[in-house]
Amino acid sequence: QVQLVESGGGLVQAGGSLRLSCAASGRTFSRSPMGWFRQAPGKEREFVALISGRGDNTYYADSVKGRFTISRDNAKNTVYLQMNSLKPEDTAVYYCAADTDGSTWYTLRGTSAYDYWGQGTQVTVSS
């Protein structure tokens, strides 16, 4: 059974940092682009960052560029999201996702490109 399990969320003050992890099991995702998305209460799920299968290409939403860093360790089948300089508006449930269907790079900013999702981890940033 394929699973993506996020961890590392929590409560942090504005300006603080958190590191999210997404551990995959059931199959290897070393060739699969992986993405991070987030969803705040009452809002649609939005793109945060994505990384290519080999980790040599990344892309970020403008709202997190320069503050968040996505990375991966294919030997551990794990993707990370380092979040620095957190703001209250970063408060959301954060989800990782994997694309195994060979979607084009541009479409990976959309939720429909991904076929595996984790259950999410809550990030709360207090002011």
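Which residue does a disulfide join to Cys22? The partner is Cys96, and the two sulfur atoms lie 2.0 Å apart. Welcome to this structure, which is a predicted model. Below is a friendly tour of its cross-links, beginning with that bond and moving on to the charged pairs.

## The disulfide

The structure holds one disulfide. Cys22 belongs to strand β3, which covers residues 18-25, while Cys96 sits in strand β9. The bond thus links distant parts of the chain, with the two positions 74 residues apart in sequence. Looking along the link of Cys22 and Cys96, you will find a right-handed geometry, with 55° about the S-S bond.

Are these cysteines buried or exposed? Cys22 is buried, at 0% relative accessibility. Cys96 is buried as well, with a relative accessible area of 1%.

## The salt bridges

Now for the charged side chains. How many salt bridges does a search of the whole structure find? It finds five. The table shows three of them, including two that involve Arg38.

| Salt bridge | N to O distance |
|---|---|
| Arg38 and Glu46 | 2.6 Å |
| Arg38 and Asp90 | 2.9 Å |
| Lys65 and Asp62 | 3.1 Å |

The pair of Lys65 and Asp62 is a good one to look at on the model. Lys65 is partly exposed, with a relative accessible area of 48%. Asp62 counts as exposed, at 66% relative accessibility.

Salt bridges can also share partners, and here Arg38, Glu46, Arg67 and Asp90 are joined in this way into one network.

## A closer look at Arg38

Arg38 takes part in a salt bridge with Glu46 and in another with Asp90. What parts of the chain does the pair of Arg38 and Asp90 tie together? Arg38 lies in strand β4 (residues 34-39), and Asp90 lies in the loop between β8 (78-83) and β9 (92-98), so their salt bridge ties together parts that are 52 residues apart in sequence.

Where do these side chains stand with respect to the surface? Arg38 counts as buried because its relative accessibility is 6%, which is under the 20% cut-off. Asp90 is buried too, at 1% relative accessibility. Glu46, by contrast, is partly exposed, with a relative accessible area of 36%.

To trace these links yourself, start at Cys22 and follow the disulfide to Cys96. Then find Arg38 and look for its salt-bridge partners, among them Glu46 and Asp90.

Conventions. Residues are numbered from 1 along each chain as its sequence is written. This is a predicted model: local features need pLDDT of at least 70, side-chain atom pairs count only at pLDDT 80 or more; totals for chains, interfaces and linings use all residues. Side-chain values use heavy atoms; hydrogens and water are left out. A salt bridge is a side-chain nitrogen of Lys or Arg within 4 Å of a carboxyl oxygen of Asp or Glu. Buried means under 20% relative accessible area, exposed over 50%, partly exposed in between (1.4 Å probe, protein chains only). Helices (H or I, at least four residues) and strands (E, at least two) are DSSP runs, numbered from the N terminus. A disulfide is a pair of cysteine sulfur atoms within 2.5 Å.
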